[in-house]
Each structure stands twice: as structure tokens, then as C-alpha cells.
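Colleague: I am new to this structure and would like a close look at a single part of it, with enough of the surroundings to find my way.

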Amino acid sequence: MGARAHWQNFCRTTVSSPPCNMAADSMDIDDSLYSRQRYVLGDSAMHRMAQSYVFLSGLGGLGVEIAKNIVLAGVKAVTLHDTKQCETWDLGTNFFIREEDVLSQRKRVEAVHPRVAELNPYVQVGKSSCVLDENTDLSFLRTYQCVILTEASLSLQKKINNFCHSQSPPIKFISCDVFGVCARVFCDFGDAFEVSDPTGEEPKQVFIQNITQDNPGVVMCMDNRTHGLQTGQSVLFREVYGMTELNGTCRQVTVLTPYSFTIGDTSGMQAYAHGGFFVQVKIPQTCCFERMEQQLLDPKVLVPDFSKPEVPLQIHATLLALDSFQQQHHRLPNTGCPQDAEILLKMTDGVNHTLKSKVSIDQDLVRTLSRTAGGCLAPLCAAVGGIASQEVLKALTGKFTPLQQWFYLDVTEVIRPLQCLAAEEFFPKGDRYDALRACIGDTMCHKLHRLRVFMVGCGAIGCEMLKNFALLGVGLADHSGEISITDPDLIEKSNLNRQFLFRPHHIQKPKSTTAAAATQDINPQLQIDAHLNKVCPATESIYNDRFYSRLHVVVTALDNVEARRYVDSRIVSNQKPLLDSGTMGTKGHTEVIVPNLTESYNSHRDPPEEEIPFCTLKSFPAVTEHTIQWARDKFESAFSHKPSIYNMFWQTHSSAESVLERMKARESLEGSFQVIKLLSRRPTHWEHCVTLARIKFDKYFKRKALQLLHSFPLDTRLKDGSLFWQSPKRPPSPIEFDLKDPLHYSFVVSAARLFAEIYNISYSEKDLSEEEVARILSGMKIPEYKPAEKRIETDEMAKKPDQTKLSVSSEEEREAIAQLERAICTQAITPDWLRMTPILFEKDDDSNGHMDFVASASALRARMYSIEAADRLKTKRIAGKIIPAIATATASVAGLVAVELIKVVGGYGFESFKNCFFNLAIPVVVLTEPANVKRTRIRDNISFSIWDRWTIQGHEDFTLSDFMNAVREKYGIEPTMVVHGVKMLYVPVMPGHSKRLKLTMQKLVKPSTERYVDLTVSFAPELEGDEDLPGPPVRYCFSGDKPEDRA
């Protein structure tokens, strides 16, 4: 009774009261903090999460990972429970325990609690160190929506799971553990758990080419666009002409091809005429879970590695045996004890006989688990902690498909090459690396300590990687190791939701130096050199060959493909391993790149993103993405591009008078007509900015529509007789300005503010009021619209013309001269008049008016074309090209990368490495071998791969002819063509190139700071008439020493 009273009292006092900075009933989402996560979960799930209470027991390496992730995500309250005391061991597994906590013998929960609590001010974090065992009254758990157990005995897991499952509604139950190099996760969300959105994918809007009048009716997608549907899913039809009975109805589909599907009987409907689109309708699903007791004997498992599909069940049996071992011996198997391994093997065999589906026992796996179970691989905790945390969020929100019901992950490839080592290698030494040493041995630990690693990027993945480096002891100062990191960015509030090394007081401080200090707080032994540079061609004087020659491995934590491709080119050139990873929402990937073993990042190319045709953006939008991109382009053109052109023009031309003289002399000055138009219409007061914004409204949303309908009346037909205005083309409707319409007001005020900013015009808060804007506009006369006879582009292949290079008629030229003369006569054109302030689009500052302009302009254009407008959140994501992100996926990819780092450091063979793709939403985790390096044959005895580079040593008088002879003599093949970058040094068919053979290489090619150049050389084919053969890069060194020798 005492235990029960204590628990109930604890739950009442610690968990139920809201924090002072957030009202208990407040449902507002702090977008400045959660914006990237909102795009992953959606507001409905965020609201449900913000009302949820979570109980987490066990604060070892795995428990603290889960605590971090769910507190960052933004649940309402978390209770942290742990009964253990801080030990030196914990310093290598728990990133929130410090040396002073060990020395002062603090309880783990006391040490961890304040550091978890400061991750998110909106989450109440409680703590308890009460005993939780088979005798505890579990009624206190009714306070919680989700219970997570780590480091709990199997009997306690079963007891608590039975209690949670029996509640109404059930308390969602998750248990997970890491034993050395193996991990497991178990989920039970009750008999009938409803999933509102199984995938989280945004439904596509697909236009229709045709619908047959048949039983069943067949729907064909327009322009062979794939529908992305699966049989059994449902779609909603809209804007169908002819077969109008379908509009607004939901139909279940049967897929025929990627471009067609059936929808049931349409034979009794009117014939399809044209137009229409469909959107997938998400149907909630119900998932049924069994209790752990039932699942133990007949488990449902997720298979992560299809090269060893039997392993999850083998680990299941072995870990059940391990639970029995612990229960009997009150300890885990001793490291390197063969007797314990044999006992565990017998127990595993006994467990196997109780399973409904027997497995073949892998004796090596059992012995590996016995040897390492007492250890803990921190990166595995990170990977599994991310996966388990995502299951917690699913349990609380009903968003995404939950794990049913077991997930096993092993990284036995790490230990396999080390099995021949003496048992002493794995024995503890009483330092922070004992948990790691038990898994990988002392020699490998020292290799990690001596490692010199370069990490590019210190964002979400970068922070997680640095945490893993700290726990692994990568780059220790007293071992001559070093971690070099670089990131040019400053910390923003939105980073705090995922980049857990940063706190609110770090905002606007550099990411790299702040992350370095926070990482050294986790492990003071690290040597970290933090830079604020981009890694790009402009910084090759810093990140040169000498820099790379000191490194053992490079890690990328980047968010764009271009930067990855550049870093990849540098590591290939310098023969260094690269570990790459990335996330998008709940999806993540990792890739390991090892010299002479694997392909590189540049070996594969994703298909290019599909661009929206220019004519679609300009005149014929069909979906909301088109209107958002149009609005974003308008912002860029009016407030960034044009002011930049204006400034560059006046930096080149000293005065308006000199420009006028040259134009009168018929000189062609690039950009002059655009610049003069801007100069002649330059506003001088706030009132002018408002009227300019009002004119833009009329131009964008009324005149554009009138002009289009003048050029293409509604009854316009194409040559084949079909209507011009049919899906996906939508006829526009002119919009009459109404200041009382919030959208109209928002557009005018935001546009006026932006005009004021680029023209350096001040205004007050009062100037932004509806009354003041109405006063300014009341006396304004809008010129009457007169249709123009101009060509409107309809060709989807046509590109956007460069406005500065368009041909100008003589009449336009005369008008420009007249405008410039009037401006010179009527205005004192000071230097300030010849300057504008370009604006850089900033999506995350709601006070600057940038998103107000884009959101209102996009919504008005959508209204003009009868397109359903996007909300502000979606508009911000598309306009700002925001990549959805969540801490769970980030933690998982970083953990998986750190596992591969150990293999790279150990010099493991190709078969040991694993790339990974996962989608935690579904959930799917797929581990695969990396792509084996390909070799290209030149001759029977000559081939090369991307990692090969031939080298020719030259001297001051070395000619091109000498170079070609040297290649032939050294490599046994005749060069036929030599190219440096885009410059052709020698092509036999080019006039005059034969004379170049006598020129020195120093005359033909300018040496780089590295004193070498990499040349592209083609070689003579085997058969006359065949094409020249490609070869590896040929590095020509201008002096006799190799650059790597100098380094």
C-alpha cells in the first residue's frame, strides 16, 4: 500500500500541473520551434501529442535516447524513472551524465532529469527513483497514455504489458533493449488501435485523360502520369465534365497499370467529355495487437536485412534465453566466458522448442551475443532509440502505421572480424569506454581515439553524429586524434526542435563552435577544431590536399545534393572514405563509400526534379503548387532580382545624365529599359508604396485574367476541334478589388511594406491600419483596362526569356529616353536614388511580411483560377523549400552511420558494410550491401575504376609531347586526346593542335596551388574506326615530387 500511495502522490504532484510558460488548455503550436516537425506529423497529431502523458523507465543509453526524442517532439509530460546510480560506465553510453555526477554518486534520474527538461520548455518532465518490480501496484500507470520500459526484466515487462492491455482504453505499451550488438523493440497498442493516416504521404492530385463508359469503368491518367495507387484504395473525383455523376464521389480502385485503374460500373452514367482529376482518400485503418505473452511464442517480426531473413527470429529465441539466464544467475553472461556461452546456447535450444515456428539456432550468433551482452554499443542505442521513439509518437497520435509487433536489429558484422582476438581485449578497465570495449575490444577503441575525422555540417544529423563521436571516444587529444567540423550557419529557433546540442540562449550563435563546446561537455577528452566555412571550390585553399591527407575519414551531415557531390569529388580525388546520410521527414538513408571497394556518391544520379513549365506558371496554373511557385517568383523578381539589377547597373554607369547621352547616341546598354522603368516609377513616400501595391493587385488579378480571356475566349478551340480551356487549363476570372476582403488587404499591405523596404521608405504601425490604407486608396484612380494584341506563350517546352536581353522596339526606346529625361528634370537624382535594397526571402520571420505577400498572392491567384488554395503552412513549406524533419529519423541515421564508422576504422572487407534506407512511418527498415566498385576495361590487361588515378611526374621543360610519351610508356596505351576542365589541350583534328605538342605543359596549363593538374585523357581504340576509349584522370605534377609526398 505504501508503494501505491507513493506512486499516486508522485503522479498527482509532479505530472498534472502545467508549466508556467504554457497554459494547460493552450493548443497553439509554436511554429517558430516546431515548423519542420509540423510538416511530418501535421497539426492534428501535434495537438494529440501535446495532450499526452508518457512514462519512461530505464535511463541507460537507450532510455536517454528515447527521452531526448520524445521531449523534443513535444508531448505534454514525461515521467523519467530509474533506480540506478551513475557509474563511470554510463559516461560512454548516456550523453546526459557527467563525470561530476559519477564522483558525487548521484542517481541517474537526478543527473539526467534537468538536462532532458531543458530540451523543450513546453514539456513537463517529472522524475522518480521508486522501486518498480513485480510487487508494485501498477494503478499509477492509468495516468499515462503510453508506457515505455527499458532495462526491465521479461517478467516485469509481461506484468506491465498485461496491465496496460487490460485498461479501457488500453495504455500503449513499448519495451526495448540493447544487449551489446543486438537490439529489440516490442509494441502493443491494444486490441483495436485506429490509425488515421497509415503513410503520411500527401495525396497527389492527378488529372484525367479519359474514363470509359463500361463495367467496370477504366480511368486513364493524363500524359502518362503514374497514379501511385494500390488496389483497394479509394479516390475522390472532382471537376469531371460529361460523366458528372462521379464528381464528389468516392470510388474504390483496382489497379490495371501504373497509369490506369478501374472504379466499378460506369455504364449507366453519361459519357465522359473532358477534364477532371482525382485525389486519393485516406481511409483509417484498425490494427490489432496481441499481448507480449502470446507474441513471445509466435512473434510477428519486421525483417530489416533480406540477406539474412532468418536472423530476427534467431535473435528472438536467443534474447528470450538471455532473459532466462539473467533470471537464474542474476547477471548477464560474463565477457569472454565460454562456460556462460555454452549455458546460453543450451537455453536458446530449450526456448526454440517452445516456439510455434522453430528456427535453426546460429551458434556463432548465440556466442557473439553471450560475449557482448554485457556491453553497449552507443550508436545502436541511437538507431533503435529513434525507431522506438517514432513508435511512441504513433501510439500517442494514431499517425503512421505502427510496428507489429517485434523489431530486431543486429550489427554483428562489427564483431565478426574481431572474434579471433583474445578475451582480454574485451575486459573492462574501469573507464568510460568499458561498455564499448566489451563489444569491439581495446585495440579498436584505441583506433577510434586516434581517428582524425572531418565532418561537414553541424545541423540535426551533425549534432547527433557529434554525440556518437563523444560516446565512442573519437578523436581524443591525448591520442593525437581530432574532429574537424565546419558549418557557416547560425543557430535559429526552429533548429532547437531537432539539433539537441543547442539551447535558446545559443540562438544566433555559430552552429559549429556551439556544437563543439556542447560535445566537449559530454566528453572533455575530445579534440575538436570548429570552422565557420562552406566546403566548396572557393575554400579549396583551406580544405586542400594537405588538409585531406591528414584525415582518416570524412562524414557529411548536409541537406543538399550539390554540396554532397562536391565533397564526394574531393574524397575520391584524395582517396578517403566518406559516410553520408540524409533524412526527409520519417525517411532516412545512409551510404558508406570506401576507396577501391564501393561506388561513390556521384556514381548514381537521382532523376532531376520536374520543373513547372514557364507557360503554366505564367498563364495556366492547374494546381496549388503552381500558384505558390508563381507567388514566390513574383517576390524574387520584384523585391530581389530587379533591385539587384538596378544596383549593378548604376555601379557600372556613373550618372543618369551619362546614361541618357549614351542612349540618345543609340548605344545598347544591357538592362537599361528595366532600370529606367524602376527609376521613373520610384516611390518617395509610404502613400506611393500603397498605390503601387494597389496597381500590382489590378495587374496580377484582374488585367491578367481579362487579357487571357481576350486572347483566348471561352469558346476557343484548338486545331483538332477540342476546347482550348479544358483540363488541366482553367479559365481565369477577374477579381475586383475589395479592401474589406482580408486577402486583398493582406496583399496590398504586405506588397507596400516590401516596396517601402527596397526603396528605403519609412512607415509607422498606424500606416498599416485598414483605415489609413483605405484613406490612401480612396482618391486613387485605376487606369481603365485596354486589351493588348500580344502573343501569350502556350508551348510547355518554352523557357522563360531573359528580360534584360529582350529586343526593344524603337518606340519603346523613345519612351525610355523620355522617361529618363522626365526623371532628370523633375527629380534631384542623388546617389541614394541610384540605390535600392534587395530583399532575401526569409520564411521563418512572420514579422517581415515576406510570407504575408507570398501567401496572399498565391491564394488570390488560386481564387482567380478556381483552384483550392493552400493554407499558410503548406504555402510556407513549398515557397521556402522546407525539408520536413523530425528528431527520431535524425537520431536513427546518425546511429547507423556511426556503426559503419567503426567498420571503416577497422579496415573491414566489403561484405561487412551496410547501407540503409528506412521509412519509420510505414515502418520499413532495409539494410543492403553498398554498390561494388565497377571497373571499366580499356584493354585486356588494362582497366580502371573511379578510385584510380594515373600520375605523370614532369619538370620545367616537360612538353605536351613528353607527357603523351610518358603516359604511353608508363601505362602501355596510346593517348589520343588531352583535356583540362573545359579547355581542349590536344585534339588531333583541331587546327593548330599539332603545334602544341612542342609547347611546355607550364605554358599550356596554369599550375594550381597544389602544383599539379588533373587531366582527362582519351586513348586509342583497339580497332581502327572505333571511338576513343575513356581512362582514369591523369595527374600531371609540375615538379618531380608527388603532392602526397610533400604533405
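Which residues point one way from S17 and which the other way, and are they buried or exposed?

Modeller: Before the answer, please note that this is a predicted model, in which local features need pLDDT of at least 70 and side-chain atom pairs count only at pLDDT 80 or more, while totals for chains, interfaces and linings use all residues. Residues are numbered from 1 along each chain as its sequence is written, and side-chain values use heavy atoms, with hydrogens and water left out.

Trp406, Tyr408 and Asp410 point one way from S17, Phe407 and Leu409 point the other way, and all are buried, where buried means under 20% relative accessible area, exposed over 50% and partly exposed in between, with a 1.4 Å probe and protein chains only as cover. In a regular strand the side chains alternate between the two faces of the sheet. Strand S17 covers residues 406-410, and five of its five residues are buried; strands here are DSSP runs of E with at least two residues, helices are runs of H or I with at least four, and both are numbered from the N terminus.

Strand S17 also has partners, two strands being counted as paired if DSSP finds at least two bridges between them. With strand S6 (residues 182-188), S17 pairs in the antiparallel sense over five bridges, and phenylalanine 186 has tryptophan 406 of S17 as its bridge partner. With strand S16 (residues 301-302), S17 runs parallel and is joined by two bridges; here valine 301 has tryptophan 406 as its bridge partner.

For the wider setting, the chain holds 32 helices and 32 strands, and buried residues make up 55% of its 1047 residues. Its C-alpha trace spans about 100 × 80 × 65 Å along the principal axes. The radius of gyration of the chain is 34 Å, which agrees with the value near 31 Å for a compact globule of 1047 residues; this radius is taken over C-alpha atoms, and the globule rule is 2.2 Å times the number of residues to the power 0.38.

Elsewhere in the chain, an open sheet of seven strands with antiparallel pairing has the order S11-S10-S14-S8-S9-S13-S12. Strands S11 (250-252) and S12 (254-257) stand at its edges with a single partner strand each, so one side of each is left without a neighbour in the sheet. Strand S10 (residues 234-238) pairs with S11 in the antiparallel sense over three bridges, and serine 234 stands opposite glutamine 252 in S11.

Another strand to set beside S17 is S31 (residues 1012-1019), which is mostly covered, with six of its eight residues buried. Strand S29 (residues 975-980) runs antiparallel to S31 and is joined to it by four bridges, with threonine 1016 in S31 as the bridge partner of valine 979. Four bridges also join S31 to strand S32 (residues 1034-1037), again antiparallel, and valine 1013 stands opposite tyrosine 1036 in S32.

Finally, phenylalanine 958 gives an example from a loop, as its place is between strand S28 (950-953) and helix H30 (960-971). Phenylalanine 958 is buried, with a relative accessible area of 8%, and although 42 residues separate it from threonine 1000 in sequence, the two are 5.4 Å apart in space, C-alpha to C-alpha.
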